[in-house]
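The following paragraphs lead the reader through selected side chains of one structure. Please keep the sequence and the coordinates at hand while reading.

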Amino acid sequence: MFVDSHCHLDRLKQGPEALAETLDFARTRGVEHFLCVCVSVNDYDSMLETVSNFDDVSVSCGVHPLHQDEACSFEELLEKAQREEVVAIGETGLDYFYSPESKEVQLTSFVDHIKVANETKKPLIIHTRDAREDTINLLREHKASHTKGVLHCFTESLEMAQAAIEMDFYISISGIVTFNSASELREVVKAIPLERLLIETDSPWLAPVPHRGKQNQPGYVVEVAEFIADLKGVSVKELAEATTRNFYRLFSLAGNKRVASNN
């Protein structure tokens with residue numbers, strides 16, 4: 001069985017009935033759980049309403065680094081992050097590729113998210129692009145020893161992945177790994193141990209081969225898993241079992257419920 005560890009179900013261009021069908025399709029392919037990731041605290045309540053009827057969907061709360069025009073205060077983030085249904089903080093992080101001009105605001109927001117994760121003892125979901133040094137340095141400076149997390153949709157260097165793993169982080173791989181242009185990323189994925197890997201779609205974006213050009217959806221996480229399994233020379237079953245086990249461990253989930261953290 002598979003898990004889509006990072007998707008944006010509220011961003012899919014479809015209505016409630018179509019979302020139910022999309023999730024049913026994923027389930028028929030063996031996807032047993034979905035983490036719907038928040039990109040703006042302002043949209044959190046509407047996102048939760050969209051997915052609240054699905055017992056196999058968990059949610060996070062945070063502000064994406066490219067949504068700083070929708071930034072919130074530390075207090076507002078903490079209030080929502082403390083809610084029982086929230087299993088993770090984010091997505092947060094730094095993106096100097098698309099928005100270098102908002103660097104200072106991003107840095108402040110990222111530190112706030114790290115502190116909220118420390119206080120709530122919930123893991124961080126981190127987006128990082130062209131900001132390797134600052135991302136790792138801020139985690140080293142502000143992260144509590146018990147705080148874990150994931151670098152999602154990873155496209156950076158092996159050195160960055162290893163630095164994150166040393167801080168008890170996981171590395172999540174999306175459909176980008178299937179792209180013709182991703183030869184460097186494929187070498188990185190080969191070197192990451194199975195016990196530190198997650199898989200995701202980042203739906204509705206980044207549909208994997210052979211679905212490129214279509215709206216991505218959680219069911220396509222199977223193609224991501226198949227590609228990575230072949231890349232690493234393991235069976236799809238072994239890859240699925242490892243990444244699913246890693247997901248439930250990281251997000252302190254048992255079945256569809258959050259459980260007390262062992263951190």
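Glu76 is partly exposed, with a relative accessible area of 30%. The model in which this residue is seen is a predicted one. The side chain of Glu76 meets that of Lys80 in a salt bridge, with a distance of 4.0 Å from N to O. Lys80, by contrast with its partner, counts as buried, because its relative accessibility is 9% and buried means under 20%. Both residues belong to helix H3, where they are 4 residues apart and are therefore separated by about one helical turn.

A further salt bridge joins the side chains of Arg83 and Glu79, at 3.5 Å from N to O. Here each partner is partly exposed: Arg83 has a relative accessibility of 25%, and Glu79 has one of 39%. Elsewhere, salt bridges that share partners join Asp10, Arg11 and Asp43 into one network.

Within that network, what is the distance between the closest N and O atoms of Asp43 and Arg11? These atoms are 2.9 Å apart, and the two residues form a salt bridge. Asp43 lies in the loop between strand E2 (31-36) and helix H2 (44-51), and Arg11 in the loop between strand E1 (2-7) and helix H1 (16-28), so the pair ties together parts that are 32 residues apart in sequence. Asp43 is partly exposed at a relative accessible area of 25%, and Arg11 is likewise partly exposed, at 27%. In total, the structure holds 14 salt bridges.

Side chains of opposite charge can pair when their charged atoms come close. Lys232 offers a case without such a pairing: this residue is buried yet has no salt bridge. The nearest side chain of opposite charge is that of Glu195, which is 8.2 Å away, whereas a salt bridge requires the nitrogen and the carboxyl oxygen to be within 4 Å. Lys232 is placed in helix H8, which covers residues 221-232.

Which backbone oxygens does the side chain of Lys232 approach? One of them is the backbone oxygen of Ile192, reached at 2.7 Å. Another belongs to Lys190, whose backbone oxygen lies 3.1 Å from a polar atom of the Lys232 side chain. When residues up to four places away in sequence are not counted, Lys232 touches Val189, Lys190, Ala191, Ile192, Leu194 and Leu197. Lys190 and Ile192 thus appear both among these contacts and as the residues that present a backbone oxygen to the lysine side chain.

The surface also has a nonpolar feature. Leu66, Phe97 and Tyr98 form a nonpolar patch there, and together they have about 310 Å² of accessible area. Of this group, Leu66 lies in the loop between strand E3 (57-61) and helix H3 (74-81). Leu66 counts as partly exposed because its relative accessibility is 35%.

A last position to consider is Asn180, found in the loop between strand E7 (169-173) and helix H7 (183-191). Is Asn180 buried or exposed? At 77% relative accessibility, Asn180 counts as exposed, since that class begins over 50%. The C-alpha atom of Asn180 is separated by 35 Å from that of Leu253, a residue 73 positions away along the chain.

How values were computed. Residues are numbered from 1 along each chain as its sequence is written. This is a predicted model: local features need pLDDT of at least 70, side-chain atom pairs count only at pLDDT 80 or more; totals for chains, interfaces and linings use all residues. Side-chain values use heavy atoms; hydrogens and water are left out. Helices (H or I, at least four residues) and strands (E, at least two) are DSSP runs, numbered from the N terminus. Buried means under 20% relative accessible area, exposed over 50%, partly exposed in between (1.4 Å probe, protein chains only). Lys and Arg count as positive and Asp and Glu as negative; His and the chain ends are not counted. A polar contact is a pair of N or O atoms within 3.5 Å; within protein, one must be able to donate a hydrogen and the other to accept it, and residues adjacent in sequence count only if both atoms are side-chain atoms. Contact means heavy atoms within 4.5 Å. Patches are made of residues with over 30% relative accessible area and no salt bridge: like charges are joined within 9 Å, nonpolar side chains (Val, Leu, Ile, Met, Phe, Trp, Tyr) within 5 Å. Accessible areas come from the Shrake-Rupley method with a 1.4 Å probe; for residues, only the protein chains shown count as cover.
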